[in-house]
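Please open the model in your viewer and keep the selection panel at hand. The stops below go from charged pairs to nonpolar cores and end with the cysteines.

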Amino acid sequence: MASKRLTVKGKTVRTAKVGAAPQDSFFEDVRSILQGARQTSYAAANFIMEEAYWRVGRRITEEEQGGKARADYGAYLVRELARRLGEEFGRGLSVANLWNFRQFFQTFPTEEKLYALRRELTWSHYRLLMRVEHPQARRYYIDEAAGQGWSTRALERNIASLAYERLLTRPATKAAPRTAAPHSNPTLPAEFIKDPYVLEFLGLPEPHSGSESTLEAAIVSRLQQFLMELGKGFSFVGRQFRVSTETSHFYVDLVFYNYLLKCFVLIDLKTKKLSHQDIGQMDMYVRLFDELKRGSDDNPTLGIILCADKDDTVVRYSVLSESEQIFASKYRLVLPSEDEFRKELERRHVLDVLTQTVCDE
């Protein structure tokens, strides 16, 4: 519908759209009020039920502890409670659900912890979070899921891919040592970098025998999942992004902008093991971007070399060891097992200790 223009005292002004009912804006205002109230009431009702589940879990735990004389008293108690509640409330309060309520209380055993939970999350979110054993990891997932609006599927995928543990293995700097826990609101470049990145959603076999352009095309075709894997604040700028000097053209595989760090992030894809040439190439890309594309309000450009494999010796004796702008991370095309990550964390911790000892000497 076209807008109608009127001339008032020599000035042209735009009126409401022709054919639009004069009550349209009024309707939208009322609609937004009711929609907001519905969302708020849903979140409040959701939290009220979560609080009720927690209190039921506390009563089960208290009653169970009072019947220690019988080894199987807890199982009997929950079965009997489910039977009697089922007669009044239906099948929603099954044995499995009552065990979940018990675990909910035991995972967050004080009311202070209960009220520190996020109202944005559903009971389905908390059932996943209760499986996370490490309290710091659990806190990280709670904050990230609430802050970034993760669905239960997204939360489950991040837990399964050990997102918290991967941030623990991020490149070490003086300001952000590897042993420091990931912060839910990172402000340092190193705190945004994962190692490795898990790209199982691309559906490519590991090891990947195809070309770098094939890997790039797969990432672009699943850009939403890739942005989620990158983490907070990333927006896509372009692929094969051209940077030109007076005599040459250079093409960066993928370019992003991070609005939290306020800087461009360049990604160079390598389907082989990291080499000194790869590092030198990224160093040049970052310098060119800072010189030719970086705005006056932008922070220094970051570069991530995403490679199939890397040698710690190459990393240690290259500009990567000192640079706060260039990083190298491996990518995985399958979900790794938790045991694999534990071993990787231990291996990197040993290497850090040895490196620090050599430097101190």
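A salt bridge is here a side-chain nitrogen of Lys or Arg within 4 Å of a carboxyl oxygen of Asp or Glu. The model you are looking at is predicted, and with this rule applied to it the count comes to 25 salt bridges.

Begin by selecting Lys270 and Asp268, whose side chains meet in a salt bridge with an N to O distance of 3.4 Å. Switch on the surface as well, and you will find that Lys270 is buried and that Asp268 is buried too.

Next, go to helix α1 and select Arg55 together with Glu51, a pair whose side chains form a salt bridge at 2.7 Å, N to O. Because these two residues lie 4 residues apart in helix α1, about one helical turn separates Arg55 from Glu51. Arg55 is partly exposed, with a relative accessible area of 27%, while Glu51, at 17% relative accessibility, counts as buried.

Helix α2 holds another pair to display, Glu80 and Arg83, with a salt bridge between their side chains at 2.6 Å, N to O. Here the spacing is 3 residues within helix α2, so Glu80 and Arg83 are again separated by about one helical turn. Glu80 is partly exposed at 24% relative accessibility, and Arg83 is also partly exposed, at 44%.

To finish with the charged groups, select Arg157, Arg166, Lys194, Glu200 and Glu229 together, since these residues are linked in a network of salt bridges.

Now turn to the nonpolar interior. The largest nonpolar core has 36 residues, and Phe104, Tyr141 and Leu155 are those with the most contacts inside it. Colour the elements that give two or more residues to this core, among them α1 (24–65), α2 (73–89), α3 (95–107) and α7 (152–160). The largest share of the core, 6 residues, comes from α6.

Centre the view on Tyr141 and show its surroundings: leaving aside residues up to four places away in sequence, Tyr141 touches residues including Leu129, Val132, Trp150, Leu155 and Ile159. The contacts of Tyr141 also take in Asn158 and Glu165.

Then move to a second, separate core of 28 residues, which can be found by selecting Ala190, Phe234, Ile267 and Ile304.

For the last stop, select Cys263 and Cys307. Cys263 is buried, with a relative accessible area of 2%, and Cys307 is buried as well, at 0%. How many disulfides does the model contain? The count comes to 0 disulfides, with a cut-off of 2.5 Å between cysteine sulfur atoms.

Definitions and conventions: Residues numbered from 1 in each chain as written. Predicted model: local features only at pLDDT ≥ 70, side-chain atom pairs only at ≥ 80, totals over all residues. Heavy atoms only, no water. Buried < 20%, exposed > 50% of the residue type's maximum accessible area, 1.4 Å probe, protein only. Core = buried A, V, L, I, M, F, W, Y, C linked by side-chain atoms within 4.5 Å. Contact = heavy atoms within 4.5 Å.
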